[in-house]
Every structure is written in C-alpha cells, then in structure tokens.
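Here are my notes on this one, set down as numbered points. Have the coordinates open while you go through them.

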Amino acid sequence: MKFVWTMSSGGGGVPPQLALCESLVEAGHEVLAVVPERVGASAERSGLPVETFAETSRPVGTSMAEVERWVWSELFLGETPAMALREAIDHHGPDRVLVDGMSYSCQVEARASGVPYAALWH
C-alpha cells in the first residue's frame, strides 16, 4: 500500500509520527513524507523518500498575538502545506494519506482528494 504522510514542523508530533511511518515501511508499505524543510532530514534518516515545502519563518521578538496568528495562519491553516500535499496526492496516487491532526488545511485537501485519510494525534 502507498501512503503519503504530512505534518507541520511542530516538534512534539515528529517522533511518534516518524515511528509510525517507519513501522509501515518495515511492514512492506511505501511512505512518502511531504514535510517542511525542517523535518525533511529527520524523515530521510528514517529511510523515507521526502518532498519538502518551505514554511514561513516563525516570528521572533514579537508579541504573543503575532506568534499565535502565525501558528494559526501558517501551521494549522496554511495554504503552502495543503498545496504541497495536494500536488503529492495528484502526482503519486497514494492509497491512503496520513495527516497531522493539527494540520487542518491538509485534512481539507486530503478529504477533497477522495483518498481515505487518517488524522494523527499525539
């Protein structure tokens, strides 16, 4: 079975989701990681083929409101990860899609594609 997995660069979800993807590969499945550049090296070390996308930089030295706005607009509802996922689905034709539970825009794209998907929560 062919999977496409995507997530944001949020640190807490990376290790458990990578462990799941590694287990899928060990069981004989194919898993393509469609992840931010910051996660790409970790996915490659896990033996996954990787397609990366660029996230905008996290705001530094700004107000908590600006950081919160960035989290919602870029990580949870970002257009860039959603479009990267859609391109990967269209190009690779996976059987299933795995999406980080906080990546709402990617869940919308996965659902719109018609490919069965699972939201991964940690």
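1. A bit of vocabulary before the sheet: two strands pair if DSSP finds at least two bridges between them. Bear in mind throughout that this is a predicted model. With that settled, strand β4 (residues 96-100) and strand β5 (residues 117-120) pair in the parallel sense, over 4 bridges. If you want one contact to look at, take Val99, whose bridge partner in β5 is Ala119. Between the two strands the chain runs through α5, and the resulting β-α-β crossover is right-handed.

2. On to the packing. Which residues touch the most other members of the largest nonpolar core? They are Trp5, Val31 and Leu48, in a core of 15 residues. At least two residues of this core come from each of β1 (2-6), α1 (14-26), β2 (30-36) and α2 (37-45). The biggest contributor is α1, which gives 4 residues.

3. Don't stop at that core, though. Apart from it lies another one, made of 13 residues, including Val4, Val34, Ala84 and Val99. Val99 is the β4 residue you have already met as the bridge partner of Ala119.

4. Now the charged pairs. Side chains of opposite charge can pair when their charged atoms come close. How many salt bridges turn up in a search of the whole structure? The search finds 4, and I'd go through the following ones by eye.

5. Start with Glu55 and Arg38, whose side chains meet in a salt bridge at 2.7 Å, N to O. Glu55 sits in the loop between β3 (50-53) and α3 (64-76) while Arg38 belongs to helix α2, so this pair ties together parts that are 17 residues apart in sequence. Is Glu55 buried or exposed? Its relative accessibility is 18%, and since buried means under 20%, Glu55 counts as buried. Arg38, by contrast, is partly exposed, with a relative accessible area of 45%.

6. Next, look at Arg86 and Asp90, which form a salt bridge with 3.3 Å from N to O. Both lie in helix α4 (residues 79-92), 4 residues apart, or about one turn of the helix. Arg86 counts as partly exposed because its relative accessibility is 24%. Asp90 comes out at 56%, so Asp90 counts as exposed.

7. Arg86 has another partner as well: Glu109 forms a salt bridge with Arg86, and the closest N and O atoms are 3.6 Å apart. This pair links distant parts of the chain, with Glu109 in helix α5 (residues 104-113) and Arg86 in helix α4, 23 residues apart. Glu109 counts as buried, at 15% relative accessibility. Through shared partners, the salt bridges join Arg86, Asp90 and Glu109 into one network. Recall that α5, the helix holding Glu109, is also the one the chain passes through on its way from β4 to β5.

8. Last, a separate spot on the chain. Ser63 lies in the loop between β3 and α3, the loop that also holds Glu55. Its relative accessibility is 39%, so Ser63 counts as partly exposed. How far is Ser63 from Arg111 in space? From C-alpha to C-alpha they are 34 Å apart, with their positions 48 residues apart in sequence.

Key. Residues numbered from 1 in each chain as written. Predicted model: local features only at pLDDT ≥ 70, side-chain atom pairs only at ≥ 80, totals over all residues. Heavy atoms only, no water. Core = buried A, V, L, I, M, F, W, Y, C linked by side-chain atoms within 4.5 Å. Buried < 20%, exposed > 50% of the residue type's maximum accessible area, 1.4 Å probe, protein only. Right-handed = clockwise from strand over helix to strand, strands pointing away.
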